[in-house]
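Student: I have this model open and would like to go through a few of its features with you. Can we start with the pocket?

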Amino acid sequence: MIDLFGFFTPDIMFGSVYDIDFGELGKKNIKGVIFDIDNTLVSYRQEEPTQNVAELINKLTGAGFKICFVSNNTKQRVDAFLKGFGEPGFLSYPNAGKPFAKYIREALRAMELKPDEAVLVGDQLFTDVAAAKRAKIMSVTVTPIEPVETLFFKLKRFLEKPIIKRYYRRINK
């Protein structure tokens with residue numbers, strides 16, 4: 001029997017990307033970070049990376065991490081975000097179709113990493129975590145930066161609540 005709750009349960013949860021101990025991940029042989037963009041690194045309304053995001057990405061690349069951005073948003077949106085980093089550009093996959101793992105696997109190939117050497121950081125269980133699980137990489141979920149007011153996202157967040165409760169029960173054992 002397939003454990004659907006487990007399929008959508010992240011390996012680790014944090015309040016924000018700034019709470020993640022990337023040094024600890026490096027000790028676990030993590031060499032690459034695949035980031036979702038919207039509501040993970042910046043709000044949907046923030047076109048370019050904030051100074052804090054730019055500093056985080058620079059810190060990670062300076063520490064030797066390979067970075068890639070995989071988003072379900074459009075190429076135009078992803079390109080606008082990446083433009084804020086200047087040159088050289090980062091590897092990115094817009095219109096990724098998460099929860100499908102095609103572009104997660106493509107990112108791993110492009111970064112020349114094995115699944116156990118990468119982590120996906122995102123804010124949604126049904127897209128980001130599911131894509132990570134399908135690609136067999138570690139999933140790290142952060143609290144969404146801002147609530148999205150569409151009915152679709154409200155429904156998804158409502159359905160995520162029992163899975164998040166399960167995660168906290170698991171780590172508190």
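Student: How do the residues lining the largest pocket divide into nonpolar, polar and charged?
Tutor: Seven are nonpolar, three polar (Gly and whatever is in neither other class) and four charged (Asp, Glu, Lys, Arg). The model is predicted, so local features need pLDDT of at least 70 and side-chain atom pairs 80 or more, while totals for chains, interfaces and linings use all residues. Numbering runs from 1 along each chain as its sequence is written, and side-chain values use heavy atoms, without hydrogens or water.

Student: Which residues lie nearest its centre?
Tutor: Of the 14 lining residues (an atom within 4 Å of a point on a 1 Å grid where a 1.4 Å probe fits, the pocket being an open set with protein on both sides within 12 Å along at least five of seven lines), M13, T143, P144, E160 and I164 lie nearest the centre.

Student: And which element gives the largest share?
Tutor: The largest share, five residues, comes from α7, helices being DSSP runs (H or I) of at least four residues.

Student: Switching topic, how do α6 and α7 cross?
Tutor: Their axes, fitted to C-alpha atoms, come within 11 Å and cross at roughly 50°. That makes α6 oblique to α7 (neither under 35, over 145, nor 65 to 115 degrees).

Student: What meets there?
Tutor: L125, F126 and T127 in α6 meet K156, L159, E160, I163 and I164 in α7, with heavy atoms within 4.5 Å. The contact residues divide into five nonpolar, one polar and two charged.

Student: How many aromatic pairs are there?
Tutor: The whole structure has 10 (ring centres within 6.5 Å). In one of them, the rings of F8 and F126 have centres 4.9 Å apart and planes at 80°, so the pair is edge-to-face (over 60 degrees). Because F8 lies in α1 and F126 in α6, the pair ties together parts 118 residues apart in sequence.

Notes. Helices (H or I, at least four residues) and strands (E, at least two) are DSSP runs, numbered from the N terminus. Axes are lines fitted to C-alpha atoms, for helices over the stretch in contact, and angles run from 0 to 180 degrees between N-to-C directions. Rings of Phe, Tyr and Trp (its six-membered ring) pair if their centres lie within 6.5 Å; planes under 30 degrees apart count as stacked, over 60 as edge-to-face and the rest as tilted.
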